[in-house]
Amino acid sequence: AGLHIVAIANWNKGSILSFGVSRTRDGAIIASSAVHSLSVESTSNDDTGMHDDSPISKHEVKKDDDDPSQYRILMLHYHKTGFVLSRQLRSHAIQHLTRFTTAMTTNDQNKQQQPMFQMPTKNWGSIQQPRKFNESTKCPGEYHLEGGYINVHESPDFYCSDEELARILLNEEEKELEATTTRIIHFVRNPYSMALSNYYYHAQDPTPEPWVKRKYHPCELKYVDSNSTLEDLLFPTLSDSVIMTKENFNEIARVCRSLYRTTPELENEVFEGHLHQLNPVEGLRLSISQMMIRGGGQMLLPGGDLLRMANTIIKLRALQSTHRFTLVTVSMDDFLSDPAKFTATYLNFLLGNNTQPICPRANCAQKIKRIAKEFEQKYQKMSNKGSSHVTTGRHSSDRDKLKDSLKNDPLFGPILDRIEGLVNEALMDDI
């Protein structure tokens, strides 16, 4: 069966930073792949980004009985690339994408609508533990996704070989899954935007994250209950892709240690105290260091996700060269600029453009648009209430200054630029 992967990334200079995705001059989202392609173009009058009569991919072979409720869906994301958003989108889709029945045309309120998709038993949690890998394979455990369920995996550790990753992620040896399409939605973000969001989020007073107040060392390289460090796991993948060298990694670790508990005022402070007391440029340098080199292995203790994201992009691209699946990217920042349009594209992707089960005798564009608009209103209500998870639109007075400090930093700037180039290069290869 074909594997469909969507990655949510950050717009940059009019394009999505991703593999297999681009934005046309008129703003349409186009996603494509060397093997398969997803084509979602916003050319309809209702601007929902969907077409009822067009396939999700012009290369996708769809059977007449293709049932979206049997799709195996996995959402991948990282810290500050959509933890809350991914789960809210999933809940909204499960609630509103219901199978059409004849009872829906009557006034019989006792009839219960049948959802197209279901929530897994773990509910809000991750299908695999975040930032955790099997010591023997250097990848998470096998996914064994089931048809009709939308799963989420936060901060996946993909450090194994391409063959092992294909076995674990695609479950290709499970012959009974051949008739079921797997769709993986990968939330990533522009590294500069991700770093700034991470800093602003944790530097809030009071901070919304409990671990920021605990005895958590942001410069600890080893995984919990393991002698492995991210340096051991990320190389040679990042060096072979000319993203950074081991010396770059070790220099970031030195920067981190030089900023943490090295003055009398900070010697007894936790991470939160440093973010509040260091000047913003130094606080950002400590924050991004933690986001690059900090080991994992323990729930609710993020770290290393910026380089983990780059590694996943590289590993998925390599997998695409040898295995038959679609790799597509849409933008989280695009959601922030137009939540309704983004949500319509997301819902349409879940359905594979097969809207017959939810509205078989009518054009479904208006229904999808209404469902998407409801999600936009819920998001705007949360944002207007001042949710701690929403930092976009705040800190406008110093955001550009801090971004420039990163771009001009002789250590961080070139690495962040190359991570941007990583996704741009892959995007250009697919145009």
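pLDDT is the predictor's confidence in each residue, on a scale from 0 to 100, and it is a sensible colouring to begin with here, as the model is predicted.

**The whole chain**

With the whole protein coloured in this way, the average pLDDT is 78, and 74% of the residues score at least 70. Select strand β3 (residues 15–16) and then helix α6 (residues 246–259): confidence is lowest in β3, at a mean of 34, and highest in α6, at 98. Residues 1–6 have a pLDDT below 50, and beyond near neighbours in sequence this stretch has 35 contacts in the model. Over residues 8–64 the pLDDT likewise stays under 50, and the model has 188 contacts for them beyond four places in sequence.

Switching to a cartoon view shows 14 helices and eleven strands. Of the 431 residues in the protein, 59% are buried, and among the contacts between residues at least 6 apart in sequence, 76% join residues at least 24 apart.

**Helices α2 and α9**

Next, select helix α2 (residues 162–170) together with helix α9 (residues 305–322), whose axes lie 10 Å apart and pack at an angle of about 90°. At that angle α2 is therefore roughly perpendicular to α9. Showing side chains brings up D162, L165, A166 and L169 in α2, which meet K315, L316, A318 and L319 in α9. By class, this contact has six nonpolar residues, no polar ones and two charged ones.

**Helices α8 and α13**

Move on to helix α8 (residues 280–293) and helix α13 (residues 399–407), whose axes come within 10 Å and cross at roughly 60°. The two helices are therefore oblique to each other, and the crossing in which α8 passes α13 is right-handed. On the α8 side the contact is made by P280, V281, L284 and I288, and on the α13 side by L402, S405 and L406. Six nonpolar residues, one polar residue and no charged residues make up this contact of α8 with α13.

**Q290 and its surroundings**

Staying on helix α8, select Q290, which has its place in this helix. Is Q290 buried or exposed? With a relative accessible area of 2%, Q290 is buried, because residues under 20% count as such. Leaving aside neighbours within four places in sequence, Q290 is in contact with N198, W211, Y216, P218, F271, P302, G303 and G304. A distance drawn between the C-alpha atoms of Q290 and H217 should read 8.9 Å, although these residues are 73 residues apart along the chain.

**Backbone points in the loops**

The last stops concern the backbone. Most residues other than glycine have a negative phi, and most peptide bonds are trans.

- Select D205 and P206, where the peptide bond is cis, with omega near 5°; P206 is found in the loop between α3 (191–202) and α4 (230–234).
- Select F235 and P236, which are also joined by a cis peptide bond, with omega about 15°; P236 lies in the loop between α4 and α5 (237–240).
- Select K138, which is not a glycine but has a positive phi of about 65°; K138 lies in the loop between β8 (114–115) and β9 (150–154), and is partly exposed at 26% relative accessible area.
- Select V242, again not a glycine, with a positive phi of about 55°; V242 is found in the loop between α5 and α6, and counts as exposed at 59% relative accessibility.

Methods: Residues numbered from 1 in each chain as written. Predicted model: local features only at pLDDT ≥ 70, side-chain atom pairs only at ≥ 80, totals over all residues. Heavy atoms only, no water. Axes fitted to C-alpha atoms, helices over the stretch in contact; angles between N-to-C directions. Helix = DSSP H or I, 4+ residues; strand = E, 2+ residues; numbered from the N terminus. Parallel < 35°, antiparallel > 145°, perpendicular 65-115°, else oblique. Left-handed = near helix turned anticlockwise from the far one by under 90°. Contact = heavy atoms within 4.5 Å. Nonpolar A, V, L, I, M, F, W, Y, C, P; charged D, E, K, R; others polar. Buried < 20%, exposed > 50% of the residue type's maximum accessible area, 1.4 Å probe, protein only.
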